[in-house]
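Here are a few exercises to work through with the model open in your viewer. Try each task before you read its solution.

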Amino acid sequence: MKATRFFPSALAVTTAIFFLTVPSASPRHAQSGSQKPADKAPEKIQEKSQEKPAAKTAPELPAVIELLETRIRFETDGGSRKEVHTLVKINDELGARQFARLNFDFNRAFEQIEIPLVRITHPNGGVVDVLPSAITDIPNPAVVDAPSYLDVRVKSVRILGLEPGDSLEYRVVTTVSHHPLAPDFWLDHTFERTGVVSKETFQVILPASALAKTPIILVKNETVKKQLEGRLYPEPGCGLCGRPNPLPPMDPSLLKLSNPNQKIATPRNSSQPSGPATTDDLLPTFEPGKIQLLIKPSASHVSMEKSGESGNVQISYTWHLNHDDAALVNAKETPALDDVPDIEIAKNSQWPSLSYQLFKALSLPSQLPDQVVKLSQQLTASADKPIVKVERIYDFVSQKIKTVDLPLGATGFRPSPLLEIISSGYATQEDKFFLFHALAKAANLDAQAALVGSSKKVTALTATPAAFAHLLVSNSACDCWLDPALEVAPFGSIPAAYRGASGLILGLDSGPLTDAPLSSMIVPILSGLPFASTQKVSIQATLDADGKLAAKARYSMRGDNELLLRVAFHQSGVEKRGEVAQLLALSDGFRGKISNVTTSDPYATHDPFTVEYEITQPKFIDWAKKPLHIPALLPLLGLPDPPPKTAAGTSPLPIDLGTPLDVEISATLRLPAGTTAQIPTGTSVARDFATYTSQYSAKDEMVTASRHLNFILSQISADRAADYNAFLRTVQNDESQVFTLERADTTPAPTKKP
């Protein structure tokens with residue numbers, strides 16, 4: 001494994017395990033990002049076009065989506081009906097296997113799925129309709145052992161007899177009613193333009209009474225994009241003289257505290273994107289609660305039609321896209337809009353409103369169950385400090401309650417009853433916060449939740465829960481962020497991807513009613529690590545006379561890399577531990593057969609995480625080759641790349657070195673008798689941001705090597721690029737040095753004839 005501040009090998013292992021053990025990601029549902037859509041990719045055909053597995057112009061692909069029609073109707077109460085009609089051409093056996101089963105995810109608490117048509121048409125004209133008996137409705141695999149979440153289900157269709165040349169046609173109808181976040185809804189859609197779908201029609205029907213005066217906004221450039229991002233934040237200036245706050249009425253009981261002296265957590269360091277100084281593209285007046293459609297230039301080819309009578313007038317918006325038009329449509333795109341969906345529809349709202357809405361949804365009951373209070377007392381009985389109480393509650397929720405691996409919002413942000421969570425031993429990430437909050441409240445402690453996305457910045461154009469993917473927990477006693485959903489994260493440690501990211505605090509701006517700006521509830525997740533980051537790797541190896549290498553590797557680590565490997569080995573389970581270690585060895589350049597893999601307990605988070613394995617490689621070297629050069633048997637140190645050249649007229653960015661990390665790696669190699677080694681010269685270089693030293697030695701048949709890299713700073717200014725590049729070259733040059741082995745000729749001399 002590369003002993004690096006970024007730990008590339010650990011990232012590679014984690015990524016590999018993710019694809020081996022986690023179901024394929026689903027596209028966002030028409031109703032909202034909190035609802036899982038119908039199907040999965042690639043074997044499980046997805047309703048959303050960009051996930052479809054083939055294109056008409058590429059007959060060599062397994063299957064072709066010849067037609068994709070989507071029609072969604074929204075009601076004023078937030079309910080919706082979505083109908084998808086798909087026609088697939090099967091090209092080969094792989095395509096037949098991919099479509100042998102269709103799976104559609106839904107939550108029966110507020111969703112219903114019907115599959116009125118599944119039909120196979122054979123090349124000879126024969127038609128076969130799949131019978132209703134082939135349709136099953138079962139719990140989602142992630143919730144099989146969690147009875148509180150059996151509403152999260154999969155409707156599956158088994159399709160027998162599908163062969164190359166067949167056409168598969170199916171219709172799926174998804175109805176949403178009484179969603180927990182209704183009447184709000186969110187929808188985004190991006191057309192498939194790479195050739196996967198030959199022809200696509202997308203239609204949305206909206207109630208005219210709920211539309212804004214300017215229902216369509218063209219997101220034609222970055223200026224408009226920034227304005228749309230900015231309008232999700234309260235206006236700058238005073239909090240009492242601005243436009244009316246679009247927050248729903250507040251229930252005061254939600255803010256009652258068991259401890260009268262406790263203060264309500266208020267977001268700090270709230271931020272919002274800076275808007276453009278001047279613009280010719282002023283947005284229409286913001287209308288809270290009204291529906292607007294945000295469309296990119298590539299989706300500006302929309303037709304509109306009015307229908308219905310006075311009390312029930314509806315406006316339909318329809319898009320048509322053929323594969324032949326894709327090149328022209330793609331030409332309209334600009335890089336600044338790459339992360340923007342083609343179509344985004346929602347009721348106008350701001351981050352504070354969404355924050356309070358989710359805060360209210362996850363709020364505790366006014367009276368906690370007696371069992372919850374008793375459990376909290378048991379957990380905190382002997383704790384003499386608030387931070388110790390918090391840590392014990394965290395350890396219980398994190399490790400004793402298993403995480404149900406569902407996407408954020410899959411249950412509509414509707415928490416399960418507290419006693420059900422405790423008795424079942426299972427919880428989603430939202431319910432883990434719900435339980436943590438309850439246990440904390442019973443101990444007169446506070447708790448707060450924040451939602452974070454997949455990137456450091458929140459770039460959504462609508463205030464939607466789908467902009468976020470994970471929930472973190474905060475407590476004022478430790479002044480830190482916690483991630484109980486990972487199960488094996490040390491107290492106070494969260495993934496590096498979330499540190500410094502923008503998060504949505506769930507709550508209410510409870511600051512004084514003075515002439516001050518309202519909080520946006522979007523704040524940076526400011527959290528360090530509770531301990532110094534260290535990484536130690538030791539290799540003990542033996543090289544025999546036949547060229548066989550046998551080695552034992554041991555890793556011990558604290559910090560970001562520790563968390564990556566804890567999660568990787570924890571999620572893989574004991575039965576796949578060898579596979580994870582094999583990936584670990586390969587990422588470090590060690591090839592051979594892995595055996596005797598052991599790790600420390602991933603749940604033992606108060607101690608460094610350790611991994612040990614043995615590896616053998618029968619033909620590591622060929623003694624017949626001379627001279628014989630071998631590298632030091634050490635993992636390569638993965639250093640941050642040098643800063644790229646900046647474009648003209650732009651300011652260079654600081655050089656990000658990551659979390660400070662102290663790395664020590666060492667190796668000993670025992671050579672066969674009669675072998676000597678010529679060793680390279682060690683190196684030493686020191687800067688204020690990092691230091692590096694290496695030492696090499698050989699005595700008798702024993703060779704040793706060690707390298708020590710210590711990153712002191714997390715960032716340096718861009719004007720020090722030359723200094724950093726010089727440091728980088730020094731380390732890389734040292735890593736490229738080799739040992740030269742010489743072995744005495746041990747072949748016995750031929751006997752002389754008498």
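**Exercise 1: Salt bridges across the sequence**

The side chains of Arg-108 and Asp-151 form a salt bridge, 2.7 Å from N to O; a salt bridge here is a side-chain nitrogen of Lys or Arg within 4 Å of a carboxyl oxygen of Asp or Glu. Work out where the two partners sit and how exposed they are.

Before the steps, some housekeeping. This is a predicted model, where local features need pLDDT of at least 70 and side-chain atom pairs count only at pLDDT 80 or more, while totals for chains, interfaces and linings use all residues. Residues are numbered from 1 along each chain as its sequence is written, and side-chain values use heavy atoms, with hydrogens and water left out.

Solution.
- Step 1: Arg-108 is in the loop between strands E3 (101–107) and E4 (111–121), and Asp-151 is in the loop between strands E6 (135–139) and E7 (152–158), so the bridge ties together parts 43 residues apart in sequence. Helices (H or I, at least four residues) and strands (E, at least two) are DSSP runs, numbered from the N terminus.
- Step 2: Arg-108 has a relative accessible area of 45%, which makes it partly exposed. Asp-151 is partly exposed too, at 32%. The cut-offs are under 20% relative accessible area for buried, over 50% for exposed, and partly exposed in between (1.4 Å probe, protein chains only).

**Exercise 2: More salt bridges**

Now find where Asp-560 and Arg-499 lie, and decide whether the two are buried or exposed.

Solution.
- Step 1: Their side chains meet at 2.8 Å, N to O, in a salt bridge.
- Step 2: Asp-560 belongs to helix H10 (residues 560–572) and Arg-499 to the loop between strands E20 (480–482) and E21 (502–505), so this pair ties together parts 61 residues apart in sequence.
- Step 3: Both Asp-560 and Arg-499 are buried.
- Step 4: For another pair, look at Arg-554 and Glu-612, whose side chains meet in a salt bridge at 2.9 Å, N to O. Arg-554 is in strand E24 (residues 549–558) and Glu-612 in strand E26 (residues 609–617), 58 residues apart. Arg-554 is partly exposed, at 35% relative accessible area.
- Step 5: The structure holds 17 salt bridges. Arg-687, Asp-688, Arg-720 and Asp-723 are linked in a network of them.

**Exercise 3: Helix H7 and its partners**

Describe how H7 packs against H9, then how H7 crosses H6.

Solution.
- Step 1: H7 (residues 386–400) and H9 (residues 429–442) pack at about 150°, with axes 10 Å apart. Axes are lines fitted to C-alpha atoms, for helices over the stretch in contact, and angles run from 0 to 180 degrees between N-to-C directions.
- Step 2: H7 contributes Val-390, Ile-393, Tyr-394, Phe-396, Val-397 and Ser-398 to the contact, and H9 contributes Lys-432, Leu-435, Phe-436, Leu-439 and Ala-440. Contact means heavy atoms within 4.5 Å.
- Step 3: Sorting the residues of this contact gives nine nonpolar, one polar and one charged. Ala, Val, Leu, Ile, Met, Phe, Trp, Tyr, Cys and Pro count as nonpolar, Asp, Glu, Lys and Arg as charged, and the others, Gly among them, as polar.
- Step 4: The axes of H6 (residues 370–380) and H7 come within 9 Å and cross at roughly 115°. Leu-375, Leu-379 and Thr-380 of H6 meet Lys-389, Arg-392, Ile-393 and Phe-396 of H7. That contact divides into four nonpolar, one polar and two charged residues.

**Exercise 4: Backbone oddities**

Which peptide bonds are cis, and where is phi positive outside glycine?

Solution.
- Step 1: A cis peptide bond joins Ala-182 and Pro-183, with omega about 10°. Pro-183 is in the loop between strands E8 (167–176) and E9 (186–189).
- Step 2: Lys-626 and Pro-627 are also joined by a cis peptide bond, with omega about -5°. Pro-627 is in the loop between E26 and strand E27 (628–631).
- Step 3: Phe-413 has a positive phi, near 60°, and is buried at 1% relative accessibility.
- Step 4: Glu-487 has a positive phi of about 75°. It lies in the loop between E20 and E21 and is buried, with a relative accessible area of 8%.
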